[in-house]
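I opened my notebook to get to know a structure that was new to me. Here is what I looked up, in the order I went through it.

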Amino acid sequence: MDADSAEELHNSPHEKKSWPDAKPTTADYTSFENHPGYLILQRRKAEALKRNISIPFFLTNDAANSNNAVINGRQYINFSGYNYLGLSGHPQVTSAAKAAIDKFGTSVSASRIVSGQISLHVELEKVIADFLGVEDCLVFVSGYNTNVTTLGHLFGRKDLVIHDDMAHNSILTGCNLTNAKHMTYPRNDWDKLQQLLSRHRGKYQRVIIVIEGTYSMDGNIPDLRKVVEIKKRFNTLLMVDEAHSLGVIGEYGRGIGEYFSIDRNDVDIWMGSLSKSFASCGGFIAGSRPLIEYLKFSAPGFIFSVGLSPPDTAAAMAAFQVLQNEPERVSKLRSNTEFFLSLAHEAGLDTGMNNGAPIIPIFVGDDLLCMQLSKRLFDQGIHVQPVIYPAVKHNDAKLRFFITLQHSKEEIQFTVTNLARELSELG
Ligand SMILES: Cc1ncc(COP(=O)(O)O)c(C=O)c1O
């Protein structure tokens with residue numbers, strides 16, 4: 001199960017948790033056996049078992065997460081990882097991480113504000129700021145925590161955060177942490193967003209719109225130019241989460257800003273993850289010097305947490321360097337994505353809201369059917385995860401294919417052929 005689905009299993013807007021019918025006793029509150037979330041999990045596992053469906057989550061991979069995975073000794077064509085550019089496992093990235101361990105050890109052993117800062121942190125932040133064309137950058141130990149602590153910290157009682165109705169859980173959690181009001185609009189519905197702003201902009205001091213550079217459930221790239229126009233009209237701030245767009249879209253992999261050729265300063269907060277294209281772990285915020293300095297001295301998830309580990313920092317920096325030296329990696333990824341999409345469309349498969357990003361949903365509908373389809377493909381050596389309720393609404397299940405530049409045309413062809421056949425057999 002990937003990070004998105006794992007979060008959503010226990011924190012889904014589609015599932016209401018409730019106590020079992022009997023009135024809870026004190027014992028229910030002093031152990032986890034009757035925790036409502038745990039009971040729901042057990043019920044869902046039992047339902048799957050009854051229908052002879054093995055749980056496709058937490059499979060153990062014995063290799064780098066690339067176009068292939070090795071599970072229980074068998075090699076699979078793998079569409080379940082975010083190693084878009086093939087940089088996790090790349091020799092230059094691996095040796096940079098090893099050299100960093102030799103020099104700095106495996107941990108920086110303190111928060112950066114006290115004694116945990118190493119030269120690699122400062123160098124990586126400069127590399128990212130230059131890559132994006134902004135003044136400064138700050139790296140955090142987790143991409144998820146980057147959103148949580150940034151949103152949780154920057155906005156207060158008199159502010160408003162607006163995001164779409166399917167925003168990533170890290171954005172929702174950040175909103176829940178603030179004292180700011182938050183409101184949602186249907187994804188990509190710019191008229192609704194403007195109606196919301198017309199009605200509410202005047203009641204708040206700071207208002208921030210948060211969008212994602214590529215929506216990770218659908219491979220959908222939102223119209224950033226339109227959002228910039230709206231933010232200017234209503235005098236708001238804008239944050240873009242580039243977890244699944246940096247390294248992936250734009251001619252040189254510089255993300256949605258490059259894709260739409262917008263002025264970098266039109267976005268106030270650029271957020272990114274180091275765990276997708278950049279072969280590491282952690283996240284960052286990039287933007288103006290005052291924004292970064294303020295976060296650096298005060299964001300709780302930064303100052304009360306350890307600095308990014310030396311191998312993670314070095315790996316991310318090497319990944320940025322490889323990408324800058326080899327921009328053709330991005331076009332190879334694009335070509336694989338286009339190939340997959342063209343075959344899928346030829347076969348009449350429904351790729352939903354995908355508009356060109358290397359995350360390709362194949363709409364199935366029924367949860368059970370989706371699990372069966374995933375299992376059938378797995379038996380044929382293809383590893384792709386089902387996205388089912390409660391990660392998505394009932395009867396909205398899909399298989400989600402993450403494309404990497406490492407996939408060969410033959411692997412893609414084999415996969416789509418089998419996918420189309422199995423789906424039609426399952427009806
Ligand atoms: C849109 C989005 N933001 C943030 C994150 C969190 O990033 P990380 O997995 O690096 O913690 C994810 C993770 O998949 C994501 O999809």
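These entries go through a few strands and helices, one at a time.

**Entry 1: what I'm looking at.** I kept in mind that this is a predicted model.

**Entry 2: the open sheet.** I started with the question of which strands make up the open sheet, and in what order. I found 3 strands, in the order 1-2-11, with mixed pairing. Next I looked up the edges: strand 1 (68-71) and strand 11 (382-383) each pair on one side only. Then I checked how strand 2 (residues 74-78) meets strand 11, and got 2 bridges, with the two running parallel. For a spot to click on, I noted that N78 has H383 in strand 11 as its bridge partner.

**Entry 3: strand 9.** Is strand 9 (residues 283-287) buried or exposed? I counted 5 of its 5 residues as buried, so the strand is largely enclosed by the rest of the structure. I also looked at which way the residues point. G283, I285 and G287 go one way, F284 and A286 go the other way, and all are buried.

Then I went after the partners of strand 9. Strand 3 (residues 136-140) joins it through 5 bridges, running antiparallel. In that pairing, F140 is matched with G283. Strand 8 (residues 269-273) also pairs with strand 9 in the antiparallel sense, over 5 bridges. I wrote down two pairs here: I269 sits opposite G287, and S273 has G283 as its bridge partner.

**Entry 4: strand 8.** I moved over to strand 8 and did the same check. Here too I got 5 of 5 residues buried, so strand 8 is largely enclosed by the rest of the structure. I269, M271 and S273 point one way, while W270 and G272 point the other way, and all of them are buried. I then asked which way strand 7 (residues 237-241) runs against strand 8, parallel or antiparallel. The two run parallel, joined by 3 bridges. On strand 7, D241 stands opposite M271 of strand 8.

**Entry 5: one threonine.** I picked T150, which is found in helix 7 (residues 143-154). I looked up its relative accessible area and got 0%, so I filed T150 as buried. What does T150 touch, leaving out residues up to four places away in sequence? My list reads F140, N145, I285 and L295. Two of those names were already in my notes: F140 from the pairing with strand 9, and I285 from strand 9 itself.

**Entry 6: helix 4.** I wanted to know how the span of helix 4 (residues 91-104) compares with what 1.5 Å a residue predicts. With 14 residues it should span 20 Å, and its end C-alpha atoms are 20 Å apart, which agrees.

Next came burial, where I noted V93, A97 and A100 as buried. These residues cover an arc of only 60 degrees around the axis, which puts them on the same side of helix 4. I jotted down the general reason too: an α-helix has 3.6 residues a turn, so residues three or four places apart point the same way.

What does the buried side pack against? The buried residues of helix 4 pack against helix 6 (119-132) and helix 14 (310-325). I turned the helix around and found the exposed residues P91, K98, D102 and K103 on the face turned away from the buried side. Last of all, I looked just past the end of helix 4: G105 follows, with a positive phi near 85 degrees.

Key:
Residues numbered from 1 in each chain as written. Predicted model: local features only at pLDDT ≥ 70, side-chain atom pairs only at ≥ 80, totals over all residues. Heavy atoms only, no water. Pairing = 2+ DSSP bridges. Helix = DSSP H or I, 4+ residues; strand = E, 2+ residues; numbered from the N terminus. Buried < 20%, exposed > 50% of the residue type's maximum accessible area, 1.4 Å probe, protein only. Contact = heavy atoms within 4.5 Å. Expected span 1.5 Å × (residues − 1). Arc of directions from axis to C-beta.
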